[in-house]
Amino acid sequence: MFDSRYLRLCSVFTMMLLMPIAAGAQKIDAPLGSDPLDLELLEVLDLETAQRIASANSPSLAAALDRVRQAQARVMQARSAYWPSVDADASGTRVWTPENQLQFRDIPEFGDLEQEDTLSIYRTSLSATWFLFDGFARKFRTAAARFAEQGTLAARADARRLILAAVADSYYNAQLARENMAIAAANEAFNLRQAEDARARREVGTGSLSDVLNFEVQVNSARTEFLQARESYRIALYGLAALMGIPDAGFPSGLPLAKLGDEQPGELILPEPEPLILYAYQHRPDLLGDEFERMQAESGIGVAKSRFLPSVALTGSVDGERADDLGYEGDDFGGSVALIFSYNLFEGGNNLAQLREARAALAEAENLLQDSRISVASDVREALTSLQSAQEQVALQRENAKLVRQNRDLVEKEYNAGQASLVRLNEAQRDLTQAQSRLAQALVSLRQAWQNLAAATGEILEPFTDESYL
């Protein structure tokens, strides 16, 4: 049976083992993207749906999530320093006694020595060490790990921000190519109609073969433009599918994009820069990541300062040793408990050098943060400038397309009445297709400018707050 000494020793270790050591083994609740949407069920692919699919499917965002999980695991590692470290050891030793020592077996003081020349020794040990105070190093290391975790979350959100902007750019390029297909198809239809009219006039003797041939040439030219626009559309769809993380980078056949649509009144209002810059300071993930890096560097100073303070640790062990067999009894056990105070007096200036390094790292992080703030403000102002230009272009091209269509219709009537030349009609139709193409380009540039502004401020993430790091 154990006596009271061993009961007290065991009670110490029981209390240490019953501490919530497992509290460090917390579940990693990393933010997960939404389930991928089934493209087969979609009737029309709009921009927000494309962005949501990209947010859920993107392999680069999946890799960023893996980095988040790594950072969360490092937080758990830092927290583990608050709990005791418990080790169990066991060994079995077989000892062969040299022949020259067996001669002492008849001497009285060696009377208990076994006659055999071999001996088995079994040892077991349960030891624990618990740092009660380490100069607040654990506190600052845990804080640094948390800031690093927040930094990886911010980096993941910034990766999403850039992917969403790239999806929007690719989506609008595909829409522009499709609009050019529609313009080329309308141009072909116009010239086909004129060719039929020219043939009819020729048959009754009021038209010429050159008019018929001219319109046939224009039809072929329009078909060429259609084929080129269709090629651009397909290539844009492949790029969009790749950004969306779709396997084999291909959409289901027949899945259309949403219509480009005319500009809305709100799209022609230019916002003020100051509120947008302030919003960007508060929401741009890359800027928040730099702030977390600064806070992490600040925690590094606390870790460096902790080396100038003493440390206090509680340690103890229960040890058992028995010869011949494993049938331990109370008399085979002993133990110890110790309170250890440690204070480094001199380490060749290493602690001071590490403190200086930590302070320099903080200064670097603060300078990088300031540089990032300047870059963010510049991004917002540049995006606003592009938006203003796009708004002006839309208004100009909208008016120009209206005038050119009115002129083409007048020239067509004059040509049919024999008051305008064929060359004039060709020019008027060509001007119309060019004006329509410029208007489509202006509309796409306007939508892209709004998306670029939203990306510059971080507002592009707003529809995806359920998936963000916040």
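The following exercises, each with a worked solution, concern a predicted model of one protein chain.

**Exercise 1. Overall composition**

State how many helices and strands there are in the chain, and in what order the elements run from the N terminus on.

*Solution.* Step one is the count: the chain holds ten helices and four strands. Step two is the order, which from the N terminus on reads α-α-α-β-α-β-α-α-α-α-β-β-α-α. Step three adds the burial of the chain, whose 470 residues include 39% that count as buried. Step four turns to contacts between residues at least 6 apart in sequence: 85% of these join residues at least 24 apart.

**Exercise 2. The nonpolar cores**

Determine which residues have the most contacts inside the largest nonpolar core, and which helices each supply at least two of its residues.

*Solution.* The largest nonpolar core consists of 55 residues. Inside this core, the most contacts belong to Leu-45, Tyr-171, Leu-240, Met-244, Phe-251, Leu-257 and Val-380. At least two core residues come from each of α2 (47-57), α5 (137-203), α6 (209-243), α7 (273-283), α9 (350-416) and α10 (422-457). Another core, of eleven residues, lies apart from the largest one and includes Ala-198, Val-212, Phe-215 and Ala-428.

The surroundings of Leu-45 may then be examined. With residues up to four places away in sequence not counted, Leu-45 touches Ala-50, Tyr-171, Leu-240, Met-244, Phe-251, Leu-255, Pro-256, Leu-257 and Ala-258.

**Exercise 3. A glutamine in helix α5**

Is Gln-175 buried or exposed, and which residues does it touch beyond four places in sequence?

*Solution.* First, Gln-175 is placed in helix α5. Second, its relative accessible area is 2%. Buried means under 20%, so Gln-175 is buried. Third, beyond four places in sequence, Gln-175 touches Leu-257, Ala-258, Lys-259 and Leu-260. Of these, Leu-257 has already appeared among the residues with the most contacts inside the largest nonpolar core.

**Exercise 4. The largest pocket**

Describe the space in the largest pocket and the residues of its lining.

*Solution.* The space in the largest pocket is about 420 Å³. Its lining has 22 residues, and those nearest the centre are Leu-47, Glu-48, Gln-51, Tyr-172 and Gln-451. Sorted by kind, the lining has 13 nonpolar, three polar and six charged residues. Helices α2, α5 and α10 each supply at least two lining residues. The largest share, five residues, comes from α10.

**Exercise 5. Strand pairing**

Identify the sense in which β2 and β3 pair, and then the sense in which β3 and β4 pair.

*Solution.* Strand β2 (residues 118-133) pairs with strand β3 (residues 311-323) in the antiparallel sense, over twelve bridges. One position in this pairing is Ser-127, whose bridge partner in β3 is Ser-317. Strand β3 also pairs with strand β4 (residues 333-342), again in the antiparallel sense and over ten bridges. Here Val-318 has Gly-335 in β4 as its bridge partner.

**Exercise 6. Two residues of the paired strands**

Find the contacts of Thr-124 and of Arg-322, leaving aside neighbours within four places in sequence.

*Solution.* Thr-124 is found in strand β2. Its relative accessibility is 26%, so Thr-124 counts as partly exposed. The contacts of Thr-124 are with Asp-89, Ala-90, Val-318, Asp-319, Gly-320, Tyr-328 and Phe-333. Between the C-alpha atoms of Thr-124 and Ser-91, 33 residues apart along the chain, the separation is 6.5 Å.

Arg-322 belongs to strand β3. Its contacts are with Ser-120, Ile-121, Tyr-122, Gly-327, Tyr-328, Glu-329 and Asp-332. The C-alpha atoms of Arg-322 and Phe-333, eleven residues apart along the chain, are separated by 8.9 Å.

**Exercise 7. An uncommon backbone angle and a distant pair**

What is the phi of Phe-136, and how many residues separate His-283 from Gly-458 along the chain?

*Solution.* Phe-136 lies in the loop between β2 and α5. Most residues other than glycine have a negative phi. Phe-136 is not a glycine, yet its phi is positive, about 70°. At 45% relative accessibility, Phe-136 is partly exposed.

His-283 is placed in helix α7 and is partly exposed, with a relative accessible area of 25%. His-283 and Gly-458 are 175 residues apart along the chain, while their C-alpha atoms are separated by 5.6 Å.

How values were computed: Residues numbered from 1 in each chain as written. Predicted model: local features only at pLDDT ≥ 70, side-chain atom pairs only at ≥ 80, totals over all residues. Heavy atoms only, no water. Core = buried A, V, L, I, M, F, W, Y, C linked by side-chain atoms within 4.5 Å. Buried < 20%, exposed > 50% of the residue type's maximum accessible area, 1.4 Å probe, protein only. Contact = heavy atoms within 4.5 Å. 1 Å grid on protein atoms, 1.4 Å probe; cavity = no way out; pocket = protein on both sides within 12 Å on 5 of 7 lines; lining within 4 Å. Points joined across faces, edges and corners; volume = space filled by probe spheres on them. Nonpolar A, V, L, I, M, F, W, Y, C, P; charged D, E, K, R; others polar. Pairing = 2+ DSSP bridges.
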